[in-house]
Structure formats: structure tokens, C-alpha cells
Amino acid sequence: MTMDLHTEGKPAHRGVPLIDGIEKVTGRARYTADLDHTDALVGRILRSPVSHGEILRLDISKARMLEGVLAVVTGDDCPHTYGVLPIAMNEYPLARGRVRYRGEPVAAVAAIDAETAERALGLIELEVKKLPAYYTSEDARASGAELLHDNKPGNVEREVHHQFGDVGQGFAAADLIRQEKFCCAEINHAQIEPHASLAEFNSSTGRLTVQTVSQVGYYLHLMLARCLDLDSSRIRVIKPFIGGGFGARVETLNFEIVTALLARASATKVMMQLTREETFITHRARPQTDIQLKLGMKKDGRITACECEVVQRGGAYAGYGIITILYAGALLHGLYDISAVKYDGYRVYANLPPCGAMRGHGSVDTRHAFECLVDRMAGELGLDPIAVRRANLLQAPTSTMNDLMINSYGLAECIDKVERASKWHERIGRMPPGKGLGMACSHYVSGAAKPIHFTGEPHAVVNLKLDFDGGVTALTGAADIGQGSSTMVAIAVAETLDISLDRVRVIAADTAVTPKDNGAYSSRITFMVGNAAIDAAKKLKAVLVAAAARKLEARPEDIECAGEVFRVGTGDQSNLPFADVVAAALVDEGAITVKGSFTCPPEAQGGKHRGGAVGSTMGFSYAAQVVEVSVDDATGRVTVDKIWVALDCGHAINPLAVEGQIQGSVWMGMGQAICEETRYLDGLPAHASLLEYRMPTIMDSPPIETHIVESHDPYGPFGAKEASEGALAGFPPALVNAVANAIGIELNELPISPDRVMDSLIQRRRQTRVASALKAAS
Amino acid sequence: MHAPSRQPKKRLLRLRVNGRWREDAVSERALLADYLREVANLTGTKIGCDGGECGACTVLVDGEAVPSCIILAARCEGRDVETIEALATQGRISRLQRAFHEKLGTQCGFCTPGMIMAAEALLRRNPRPIDSEISTALSGNLCRCTGYVKIIESVKAAMDAGS
């Protein structure tokens, strides 16, 4: 194991492999579908064949009669809505009365095997009266359109109108004003593990145990209690290994509740494994977004005003929608120093599977538009793109106009790093034909300072147990979904106690065992759970130091502990090994349990304006990147040759994992930028396989040179901030700016697939021909 | 009462899995991936898609990397099948497994068994592959976490570690 975590000075280290890595590389890691289900029934879901309709008749009697079928459930079995936002739960696990997208669950069966379950689905009789369906924001908002939800006129789930500073004055002060429209396609998380859930209901004890792919077991626990009318103390949600999340599994998903309904109805265990197509339908990803952006700029590159309108096509139900549309506006702030920002956001219902949170939640498409337009205006003013970013930097600590705290700010250093590494000034403008460089900056929160399910409780709690065996067990509700959060907790505990990492064991995400945690979303775990882990470890250290002091007949403040040895700081005669100190500590009260917690103070929880909590965080990560591309003007194909990225994560607790997160997030931004797009034909997903949903393969993936910037956040654990999302949003604009640099074409749609690039090239050729014809004629 | 669903016909399948001969009654329609996971209890082989899209189920059949979700178990009669579980011998992980662990070629880990098996097939037939050969060999294996950078580093580290 490459680790060098001891010693007070905390030397730079390369980091440690994941504490659960061996299980992953040996195939021993058990994901939900790998759990023992030999005696479980097989669950299957019947889905709506239409995009919008009224359920006239749903007859399950024949399916129920089929031998081998033990349960059939419909909307009648669950009269409760569910959802991630307490203020916007408008979805049933199984449709009741109305279906609003193609593929919406209508009924489900549990049978002795897959063949029987599928046959039973075929015996369910469903009659639906079609209603008009809308697949674009424009159609859904048109006057006279049928309402998807009666309480939402115009099919607008939420409008946001925020203005900070004097925008009129800002534009008046500008030397250049430019406005453009950008369109970003809906994309998907496409985590490699398909959705699955294993639920067991014990009818004699009334207890329900669910093992599932959730990133936030606690939300699911709440929703199971609500939807099944169960006392929440009878529920247990356990997270097995999870094959990726990226936001897909933050919200409770319909199949998880459906599996539990089937388990209760059949009074046994039910395994539900969704196909890849169903996993695509059950997606909650980044919505199709239209952005109208207007910026004002001085001749020196200072941005004087920003006016932005965002329309998101959110799909058929609320989900996370309100938060997404608020994020899109809130995170216009916090990256640069801009004194006037106006934002209008519209979250629109449409007859498509509901969208939700995806890596970079809400911020990515807006940031794309912003960074593209800044570059174009820089070009028009004859300024270097990097110089323009430098002209607009913030000074930390500060707070933004919408009351977001900026406590540390390493963007300037990020820009310096990628500027040097890419040899920007030597190369920009001197690239061979068809090749170009582009850059962009981005940022993201280290956890939402105000949780969605606001309870007033601490944001994170970690328990530590130390017993006769000398092992330190960390209990955390935080879901490791591959990002390495359990490893981070182990390091935080080991470093604080100055003990070997191997002495720490992490048990994560089991609602019967681990303290409640708000889960893996908004990049909150390192910041919040890391702080709670350090707090717990400090308390444990105090217990051990007190025991050592008694044993050494010294005062606790004179005890030094390092590398699992305790001694009196003033003398060197007696060294106590860790095991002896543990034994001494246990004498008084037996097994030791301590608790650490972390809370974001009220002043960190955002502005008082409506929706002002969204975007609030204790620490923003910052990133800058340079992208090099080649464009083939005969085919429109764009190849990414190289990426240089620098991210300010405050402090890299595990540099190896930080690098992995930066590379993965930038690469995910690349997928969105060059090829990923969900497409629906009359509401039918046309992209619902991993061949049709084109994500980059290894052949399309360039080297990513990663630089870590450490701005030492005053509130972060060891100074750390998030590292998993901040760099994503910068990739698409850096790419589009690089294409503009390479071939002089400004693209306003994502992804920049070959057909879109060709359309622009053809249009330019036509314009050139017309211009020369006109010139010749005059 | 409706008739129970017709059970698909089974036949006896004899093949070598991870070095040991096995005989199992297997449905004629069973895919190799389902046979390995459900009958042989080798759940290290993952299923990530609806057939031949993602490579997570890659195993070696007679030394060649194949997606086990688009080959019938019955087609493997008498053949030699190796899964991720075969690579660690007597508790010692293989050079590829060690490299993927130490270089963080695995994040969520779901694509990892298939990725390692595809890389294993490559290194057996070509012990010193160049970058483009590594990419070509792994081009059928999708990873959503790493951006592939550390996967390539892992394969190279395993290559340098020798056999």
C-alpha cells in the first residue's frame, strides 16, 4: 500500500488505493444483482405504452390467476406520492388514474421466475385514453396545452426571477454587449450498473429490509415509510456495492418502492433487476436546456452585467426540478466578480421521463453558455481569453450578491497552471489548420449548506467504535458509490488519530447500523462527513490521551501521541504502545463509542430571498482547463487531442482519488460536449441502449493532464473541498471555444456532433458564396 | 387457472470453468453470463446492458475475450472458460488486479472485472502492447467513472510488472 500518512508535517503523498479496491478487482464485491436471491421472487414492471393518457381500465385478474404469480400490484396499492422535495411530491410509484410518460410504471408482478413474471405482464389488461402529449418545452408551454398537473398553469413547474445589482446600469457601462441563445441536449448518467433492488418483507415481524442502488438510503427509508404506511422503525435500507451514481440514484426511484410493495404483497423476498432500457427510462438526468444569455463587457475585459434566461424541459414529474432551475441561476454567481446579474428560469413539464440531478447539478449548461460567450466577446475586443478571466477574479473571503460564502478561492492559480502546462501563449494562434485551443473555468459546491430535508440536525454524524481488538470502526451513513468516500473517512480518522490506515474499518450506509447521513449528492461527503469524522477522531483521541495520562501519571496536556505510541512529551523514559492505551481506556467503561458531527452555520445557508438556500455551501471548488482539438472539416468530426485541467480542492486528502475524480468529471463533460444525447420519438426513447446512447469509448478519450491546487479552505476537513464535480462544467465550453479557434465556427448547440458541425460549415460556405456573389454583382 | 409457463428444455453442459470441469443441467436458451452468475455462482462477471453493449461481462473462452452475455452457455460445451475469479491464485491477486487497485483503474468497480479480463487476453497474446493496442483491446469495454486515463496506466503498470 502506498501510504505515508503519519508524521505531523503531513508530507505530500501520492494517496492510497481504495480500501474496498481489492474486492472490486477480484470480483468479490457484491452489487445488488449479485446478492443471494436464490429464494427470491422475480419482479417485473408493466409500463405505460403511451406518453399521456387516462387509465380507463386496468384488469390484473388473469395475471393474478397465473400459476407461479405471487403478487400483482397497481396504483391502488399505494395511494401516496413520493419525491425528493417535501414541497413537490407529485409522483406515484405506480400510476394512479393517469400516465404522463411512455414507460411510466403502471403495474408490477412478482413470480417464481422471470418467464412467469413476463407472461403475467402480458395477461394484464390496460386500456388508456390518449391525451395530447408534449415533447418540447415550447409545445408544453403553448397556450391551450393540456396541463400535465392541474395546479401548474402553462405546464411550468417553477418560475424563478432573481435580480441582484443594477443590470441596466451594468449594461450602460459596457463597451460591448452581446446576446446569444444556446441549446443543450438532455443527457444521461449512464452508470454502468443497471438499476436493481432486493426487498424482503417479514410478515410475522412486519419488518422490511431493502438492499438497493441508492446514493441516499435515508431518503429511500423515508419514502418507504410514507408509501407503504410503515412505521419507519421497521425499515432497514442497506447499500451494497454500487456501480456508479452521478446523481442517478439520489432521488428515490419508483422501482425501489415497487419492489418493496411486491415484497409486502407476497410476504417474501423480491429481486427486481431493470433492463438497460428501463434504466434509461428511470433516469433523472440533466434536462434539455435552452439558454438566452446577454453579457456586458468593458474594453479591458471586465464583465459589467449578466442577464440570463433558462428554460429546462424537466419531464413529467417534479423530482429535483425546482432545485435544478434554482441552481442554474444561483451558480451564475461565485465564479467571477460580477456586480449585476438578472436571472429568469422556467422549469417546464413535458411528457417524457422525469429529469433530476446529474453531476454538476443545474450549473453545467448555464456555465457552458457563459464561458462560450465570454470567449467570443474577448475575441471581439481583441483580448486573450485567459486575460479576460483574470480581469474578473474574486477575492476571498467574500460573499456573493446572492449571499453565497466564498471562503477560499484558488481559481487564479488554476488558470496559471493550465496556461503554463498547455503552453497557451506559445501556441494559441499558431496552431496548424484544423487544430485549436480553448479554455474555460468552472466551480461547484462542496455540499449544499442547507439540506433538502431540513430538520435542523447536524449535516453529518460519524460514530467511531474502539473495542478490545484495537480496531477502530467508523460508522457512516455516507454512500460510497465509487468516488472513494469510505476511503476518505478512513484516512480522516487515521490521520487525526495518527494510527495506521489498516487499523480503521469503515461500515457505511446501513440505516439500522450507521448514523443518518444525507448521502452522496452535491459533493458533500468529503467536506461534511470528513469534518464529522475528524471531530469523532479528536474525541476518541481525547479518551485515549486521558487513559495514557493516567497510566503514565502525567497530565493529559503533556501526552504526545504519534504513530500509535503515547509518551510524556517532557521525557522519553516511557513509551506506551497503542494496545496498552486501548486496554487502559477500556477498563473504565468498556467498549468506547464516540460521535462526531458537522453543521453548516445559518450564515452559510444562503440568502433570505425565495430559493436563496440553493447554491449555498461552505466551500466552492474551482477549476480551469485548456482543451486541444482537431476538426475534420470534411466530416465534421471533432477529436479531443489533450486536456489540461487544474482544480482547487482546498487540500487533497487522497490525491490519487482526487485525480481520478477530476479526470472522470472532465471526461463526463467531454461526453456531453461531443456525442451524448437522449432522443425521443413520440416519447419513445430512441437512445435506450449503450450503443445508441453514445458515450466516449477508450478510443475517443484523450490524455488528461491533472493539476491539483490547494487553497486550504478555512472550514474544510484538513482544508479540503470537493473534487468530483467542479471541473465538469468547464469542458463543454472549453471544447466549443477550441473548435472556434480551430475553424472559426461558433457552435451554440450541444453536443457538437458531426452533423451539427457540418451544418455550420455548410452554412458558412453558403454565406461566403453569397457574399462573394453579391460583391461580384455590385 | 392458467397453465404454468413452459419450462425451457435443459441439457447437460460440460465445460471447464476456472480450471475445473463442471457438469450442469442448463437451459438451451441460457446465456453464458447467466450460467456463470446463476448456476456457477460466479457473480464477479457483471451484466451492464441488454446484450453486447458494454463489455462488463467479458470473460475468456479458450483464452479469447468475449462478452458472455451474447454467447449461449451451450456453445461452450467442452471449452475452457475463465472469469475474474480465476485470476487471483491462492489469495495472490494477479499483476493486472494489483495494478488496477494501486493505480485506481477502478472506481465504482462495476466495469472492472470485464475490463481486467479484456486486458488479460491482450497481455497474454501481446505482452508489450503500445498505447493504441491497449485502446483497441479495451474498446468494447465501457467505463463511466475514470475517463480511461488510469485504466491505461493500470494496464501499462501490469505490463511493466511482467508475468
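This is a guided tour of a predicted model with chains A and B, moving from whole chains to domains, then to the interface, a helix pair and a single residue.

**Chain A as a whole**

Begin by selecting chain A and colouring it by secondary structure, which brings up 19 helices and 31 strands. The radius of gyration of chain A is 27 Å, close to the 28 Å that the globule rule gives for 778 residues, so chain A is as compact as a globular protein of that length. If you orient the view on the principal axes, the C-alpha trace of chain A spans about 100 × 75 × 50 Å. Colouring by burial would mark 61% of the 778 residues in chain A as buried. A contact map of chain A is also worth opening here: among contacts between residues at least 6 apart in sequence, 80% join residues at least 24 apart.

**The domains of chain A**

Next, colour chain A by its domain assignment, which gives domain 1 as 32-133 + 193-281, domain 2 as 402-450 + 619-778, and domain 3 as 458-599. Keep domain 2 and domain 3 of chain A on screen, whose C-alpha centres lie 40 Å apart. Where these two domains meet, the contact takes 17 residues from domain 2 of chain A and 15 residues from domain 3 of chain A. To find the domain 2 side of this contact, select strand S18 (435-445) and helix H17 (655-674) of chain A, each of which supplies at least two residues to it. Coloured by class, the side of domain 2 of chain A that touches domain 3 of chain A shows seven nonpolar, seven polar and three charged residues.

**A helix pair in chain A**

Now select helix H14 (residues 485-497) and helix H15 (residues 525-552) of chain A, whose axes come within 8 Å and cross at roughly 35°. The crossing of H14(A) and H15(A) is right-handed. With side chains displayed, the residues that H14(A) brings to the contact include A:Met488, A:Val489, A:Ala492 and A:Val493, while those from H15(A) include A:Val529, A:Gly530, A:Ala533 and A:Ala537. By class, the residues of this contact between H14(A) and H15(A) divide into eleven nonpolar, four polar and two charged.

**A single residue: A:Glu307**

Centre the view on A:Glu307, which lies in strand S14 (residues 303-315) of chain A. Is A:Glu307 buried or exposed? A:Glu307 counts as buried because it has 22 C-beta neighbours inside 10 Å, where 20 or more are needed for that label. Setting aside residues up to four places away in sequence, A:Glu307 touches A:Val167, A:Lys294 and A:Lys342. A distance monitor from A:Glu307 to A:Val341 will read 5.9 Å from C-alpha to C-alpha, although the two are 34 residues apart in sequence.

**Chain B as a whole**

Hide chain A and turn to chain B, which has five helices and five strands. Followed from the N terminus on, the elements of chain B run β-β-α-β-β-β-α-α-α-α. The radius of gyration of chain B is 17 Å, which agrees with the value near 15 Å that a compact globule of 163 residues would have. Taken along the principal axes, the C-alpha atoms of chain B fill a box of roughly 60 × 30 × 25 Å. Buried residues make up 56% of the 163 residues in chain B, and among contacts in chain B between residues at least 6 apart in sequence, 58% join residues at least 24 apart.

**The two domains of chain B**

Colour residues 10-86 of chain B as domain 1 and residues 95-161 as domain 2. The C-alpha centres of these two domains of chain B lie 21 Å apart, and their contact takes 15 residues from domain 1 and 13 residues from domain 2. On the domain 1 side, select strand S3 (58-61) and strand S4 (64-67) of chain B, the elements that give two or more residues to this contact. S3(B) gives the most to that side, with three residues. By class, the domain 1 side of this contact in chain B has seven nonpolar, six polar and two charged residues.

**Where the chains meet**

Finally, show both chains again and select the interface, where 42 residues of chain B are in contact with 54 residues of chain A. On the chain B side, helix H2 (95-102), helix H3 (112-125) and helix H5 (149-161) each supply at least two residues. Which helix gives the most to the side of chain B that touches chain A? That helix is H2(B), with four residues. Coloured by class, the side of chain B that touches chain A has 21 nonpolar, 15 polar and six charged residues.

Methods: Residues numbered from 1 in each chain as written. Chains lettered and ligands numbered in written order. Predicted model: local features only at pLDDT ≥ 70, side-chain atom pairs only at ≥ 80, totals over all residues. Axes fitted to C-alpha atoms, helices over the stretch in contact; angles between N-to-C directions. Left-handed = near helix turned anticlockwise from the far one by under 90°. Contact = placed C-beta atoms within 7 Å. Nonpolar A, V, L, I, M, F, W, Y, C, P; charged D, E, K, R; others polar. Rg over C-alpha atoms; globule rule 2.2 N^0.38 Å. Buried ≥ 20, exposed ≤ 12 C-beta atoms within 10 Å, placed from the backbone. Domains from an automatic or database assignment.
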